[in-house]
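Morning, everyone. Have the sequence and the structure open while I talk. I'll take it piece by piece.

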Amino acid sequence: MKIFCIGRNYADHAAEMNSKVPSKPMVFMKPATALLRENKPLYYPAFTQNLHYEVELILKICKNGRHIQPEFASSYYKEIGLGIDFTARDVQDKCKEKGHPWEIAKAFDHSALLGKFVDKNTLDSKEIEFSLSQNDTIVQKGNSKDLIFDFDTLIMYISTIFTLQIGDLIYTGTPAGVGPVAIGDELKGYLGTEQMFNCQIR
Ligand code: MG
């Protein structure tokens with residue numbers, strides 16, 4: 001399985017990173033070893049001093065496809081989930097500065113927290129509210145209506161470059177409010193009011 005992640009897909013987050021809004025989806029990948037299952041702790045990696053959370057809506061691909069036409073894109077996922085794209089921000093800043101690839105900042109072990117999924121038909125995909133709390137204080141709030149590239153556009157675009165396969169995941173980008181975590185923190189993700197994950201930082 002493949003894990004796709006989208007960078008700068010909310011204008012307010014691009015602004016907080018002093019980054020421009022991209023004209024095409026900005027895609028990067030994480031390996032399967034990046035997965036961190038719901039309710040498992042994350043051990044703070046030794047190679048960073050500035051580990052950040054980025055809460056994101058996730059699509060789970062349910063059939064194989066390439067060059068998917070926009071009118072069929074929504075049939076390629078049945079479930080929507082919530083997770084975190086953990087980022088070693090200090091390492092990422094160095095990679096960006098040097099123009100280097102950023103896998104070491106983004107694709108390390110357990111950098112892709114995967115919470116629960118819900119049937120997409122229980123949601124209005126154009127208006128999904130989600131949030132993240134850190135020690136029970138809400139730190140990020142997002143809504144799929146603010147996506148620069150919506151779910152169907154992402155599926156269409158990615159599938160022109162990579163064959164999508166059953167089980168692949170697409171982390172669709174984070175809204176504003178990203179910030180550092182500390183050992184001892186508890187992160188909880190919510191889709192509306194439903195709790196989708198609980199992650200302790202150790
Ligand atoms: Mg992200």
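Start with strand E13, residues 186-191, and strand E14, residues 194-200. They run antiparallel, and six bridges join them. Take one residue, Tyr190. Its bridge partner in E14 is Gln195. Between the two strands of this hairpin there are two residues. Look at Gly192 in the hairpin of E13 and E14: phi is positive there, near 60°. Keep in mind that this is a predicted model.

Now, Gly192 is a glycine. Which residues take a positive phi without being one? Arg8 is one of them, with phi near 50°. Find Arg8 in the loop between E1 and helix H1, which covers 11-16. Is Arg8 buried, exposed or partly exposed? Arg8 counts as partly exposed, because its relative accessibility is 23%. Asn39 is another non-glycine, and its positive phi is about 70°. Asn39 sits in the loop between strand E3, residues 35-37, and E4. At 48% relative accessibility, Asn39 also counts as partly exposed.

Next, the metal. Which residues supply the protein donors of the magnesium ion? They are Glu54 and Glu56, each through OE, and Asp85, through OD. These donors lie 2.0 to 2.1 Å from the ion. Along the sequence, the spacing of the donor residues reads E-x1-E-x28-D. Glu54 and Asp85 link distant parts of the chain, 31 residues apart. Glu54 is in the loop between strand E4 (51-53) and strand E5 (55-61). Asp85 belongs to strand E6, residues 77-85. How accessible are these two? Glu54 is buried, since its relative accessible area is 4%. Asp85 is buried as well, at 0%.

Glu54 comes back in the next topic, the empty space inside. Rolling a probe the size of a water molecule over the atoms shows where empty space is left. How many cavities of 30 Å³ or more are there? The count is one. The largest cavity holds about 120 Å³ of space. Its lining has 18 residues. Nearest the centre of the largest cavity are Gly7, Arg8, His13, Glu54 and Gln92. So which elements help to line it? Strand E1 (3-7), strand E2 (26-30) and helix H2 (89-98) each supply at least two residues of that lining. H2 gives the most, three residues. By class, the lining of the largest cavity has seven charged, six polar and five nonpolar residues.

Now the cysteines. A disulfide is a covalent bond between the sulfur atoms of two cysteines. How many disulfides does the count give? Zero. Take Cys62 and ask why. The closest cysteine sulfur is in Cys5, and it is 19 Å from the sulfur of Cys62, so that is too far for a bond. Cys62 is partly exposed, with a relative accessible area of 23%. Cys95 is in no disulfide either: its nearest cysteine sulfur, again that of Cys5, is 15 Å away. Is Cys95 buried or exposed? Cys95 counts as buried, because its relative accessibility is 6% and the cut-off for buried is under 20%.

Last stop, Ile58. Ile58 is in strand E5. Its relative accessible area is 0%, so Ile58 is buried. Compare its place with that of Cys95. In sequence, Ile58 and Cys95 are 37 residues apart. In space, C-alpha to C-alpha, Ile58 and Cys95 are 25 Å apart.

That's my tour. Questions, please.

Methods:
Residues are numbered from 1 along each chain as its sequence is written. This is a predicted model: local features need pLDDT of at least 70, side-chain atom pairs count only at pLDDT 80 or more; totals for chains, interfaces and linings use all residues. Side-chain values use heavy atoms; hydrogens and water are left out. On a 1 Å grid over the protein atoms alone, a cavity is a set of points where a 1.4 Å probe fits but cannot get out, and a pocket is an open set with protein on both sides within 12 Å along at least five of seven lines; lining residues have an atom within 4 Å of a point. Grid points are joined across faces, edges and corners, and a volume is the space filled by probe spheres set on the points. Helices (H or I, at least four residues) and strands (E, at least two) are DSSP runs, numbered from the N terminus. Ala, Val, Leu, Ile, Met, Phe, Trp, Tyr, Cys and Pro count as nonpolar, Asp, Glu, Lys and Arg as charged, and the others, Gly among them, as polar. Donors are N, O and S atoms within 2.8 Å of the metal (3.2 Å for Na, K and Ca); water is not among the atoms, so sites may look incomplete. Buried means under 20% relative accessible area, exposed over 50%, partly exposed in between (1.4 Å probe, protein chains only). Two strands pair if DSSP finds at least two bridges between them. A disulfide is a pair of cysteine sulfur atoms within 2.5 Å.
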